[in-house]
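Q: Could you take a close look at the salt bridges in this one for me? I'd like to know who pairs with whom, where the partners sit, and how that fits into the rest of the chain.

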Amino acid sequence: MTPPPTAISPARPEVVADAYSDQRPAWVRLATSGDHKAVAALYLAAALSFLVLAVCELVLMRVQLIVPDNTMISAEIFDQLLSAYGATAVVLFGVPMALGLMCYVVPLQVGARGTAFPRLAALSLWLYLAGGITLYASFLYRPPDAGTNPLPPLSDTVFSPTAGVDAWIVGVGLATLGFVIFAINLLATIHTQRAPGMAWRRMPLFSWAATVGGYVVVVTGAVMVAACAMLLIDRQFDGVFFDAGEGGSPILWQHLSWFFFTSTYLVILLFAFGAISEILPTFSGKPVFSHRTIVGSLVAVGVLGPLAWMQNMYTAPIPVGWSYFAMAMAVALAIPIGLLMFNWLATLWGGALRLRAPLLFALGAVSTVAFGL
């Protein structure tokens with residue numbers, strides 16, 4: 001005799017406590033929460049706070065350069081502002097801004113209740129904040145002054161004996177480690193927590209962009225964490241990784257660091273491409289022209305972009321063949337971006353456009369990319 005339907009236990013039993021009330025203050029609940037929306041809100045708030053600092057540093061530097069022989073800021077302070085600004089604008093603002101929005105939107109798009117590992121999401125946030133605090137705590141004693149990218153031997157203790165460069169290394173390393181942990185959590189969520197029926201071919205384009213960006217962060221972020229560890233060992237423990245006099249290679253730091261910094265710009269670009277690909281069909285009243293083509297273009301951008309890191313090493317003594325390789329990768333990157341442009345324009349063609357703020361910003365971004373190509 002089979003039991004009645006009401007007696008059959010559900011496949012996934014749940015415990016629901018409607019009467020539970022958390023008596024902790026709201027800020028404590030937010031700071032200790034593993035919910036992806038709370039973590040995303042803190043990511044965005046921290047990124048915007050660092051944006052304010054970056055803008056202040058940029059304004060001070062531009063005011064100094066507005067007239068020749070200006071004496072408002074000394075050369076030493078200018079170097080310190082420039083060193084902090086580079087890490088702040090890219091590592092502490094640009095990347096976490098993109099990751100924060102991905103953390104908020106992607107679980108909702110794929111039908112997940114949250115991220116796969118909520119505690120890892122919180123850990124990534126606090127590592128990022130620890131990195132930013134470490135960098136700016138150096139302003140209490142001696143800020144870094146070795147440039148936006150502290151190249152050896154300028155970053156050696158011979159030329160930069162103060163702890164400012166150490167603060168830059170530890171701050172950027174901690175923040176990057178947080179990004180790698182976040183990307184692993186995001187990829188695990190996308191791979192394992194998608195709702196039933198959410199096949200890869202049906203996944204929204206913003207989530208596809210987050211997937212490609214997550215893989216880029218995992219690969220290149222791990223390289224930067226290793227490079228920061230090697231540079232710190234050279235400075236504090238007499239290492240020889242980048243010491244040419246002891247058999248090391250200063251140019252190795254350039255390869256490792258520019259591989260990461262080139263990819264950070266790429267993550268921001270992928271985030272923007274994914275957002276544009278969602279906004280245009282929504283405000284044109286049409287489905288996206290070719291979902292598969294856009295997905296393939298995003299993957300191609302994620303693969304080709306990091307391979308063009310040597311285009312930043314203009315004066316480095318690298319073999320000319322590698323320079324040609326970097327140039328070829330940079331030129332090849334125009335092909336998938338051009339396909340994205342074609343699909344965006346085809347999506348807009350003949351649509352019932354609603355000229356709201358999101359569409360206007362998206363059209364401005366599309367026109368800027370078109371001029372850049």
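A: Here's a walk through the salt bridges, followed by the setting around them. Keep in mind that this is a predicted model.

There are three salt bridges in the structure. As background, oppositely charged side chains can pair up when their charged atoms come close.

Let's begin with E76 and R142, whose closest N and O atoms are 2.6 Å apart. E76 belongs to helix α3, while R142 sits in the loop between α4 and α5, so this pair ties together parts that are 66 residues apart in sequence. Neither partner is hidden away: E76 is partly exposed at 40% relative accessibility, and R142 is partly exposed too, at 25%.

R142 has another partner as well. It makes a salt bridge with D145, and here the closest N and O atoms are 3.2 Å apart. D145 counts as partly exposed, because its relative accessibility is 22% and the buried class is kept for values under 20%.

The remaining bridge joins the side chains of D166 and R235, at 2.6 Å from N to O. This one also links distant parts of the chain, with D166 in helix α5 and R235 in helix α6, 69 residues apart. Buried or exposed, what are D166 and R235? D166 is buried, with a relative accessible area of 13%, and R235 is buried as well, at 6%. As for shared partners, E76, R142 and D145 are joined into one network.

Now for the frame that carries these pairs. The chain has 11 helices and zero strands, so if you read along the sequence you simply meet one α after another. The C-alpha trace spans about 85 × 55 × 40 Å along its principal axes. Of the 373 residues, 45% count as buried. Take the contacts between residues at least 6 apart in sequence: 79% of them join residues at least 24 apart.

On the charge side, the chain has 16 positive and 16 negative side chains. The centres of those two sets lie 24 Å apart.

The loops have a few things worth a look, too. The one between α4 (118-137) and α5 (164-192) holds P153, and the peptide bond from P152 to P153 is cis, with omega near 5°. R142, from the network above, is in the loop between α4 and α5 as well. Then there are two aspartates with positive phi. D69, with phi near 55°, is in the loop between α2 and α3 (75-110) and is exposed at 75% relative accessible area. D238, with phi of about 60°, is in the loop between α6 (205-236) and α7 (250-284) and is exposed at 71%.

Finally, the surface. The chain exposes about 18800 Å², and carbon and sulfur atoms supply 70% of that. One nonpolar patch of about 590 Å² is made by V55, V59, L60, V63, I66, V67 and M72. V63 from that patch lies in helix α2 (residues 36-64) and is partly exposed, with a relative accessible area of 33%.

Methods
Residues numbered from 1 in each chain as written. Predicted model: local features only at pLDDT ≥ 70, side-chain atom pairs only at ≥ 80, totals over all residues. Heavy atoms only, no water. Patch = residues over 30% accessible without salt bridge, like charges linked within 9 Å, V, L, I, M, F, W, Y side chains within 5 Å. Areas by Shrake-Rupley, 256 points an atom, 1.4 Å probe, with all protein chains shown as cover. Salt bridge = Lys/Arg side-chain N within 4 Å of Asp/Glu carboxyl O. Helix = DSSP H or I, 4+ residues; strand = E, 2+ residues; numbered from the N terminus. Buried < 20%, exposed > 50% of the residue type's maximum accessible area, 1.4 Å probe, protein only. Contact = heavy atoms within 4.5 Å. Lys, Arg positive; Asp, Glu negative; His and termini not counted. Charge placed at Lys NZ, Arg CZ, Asp CG, Glu CD.
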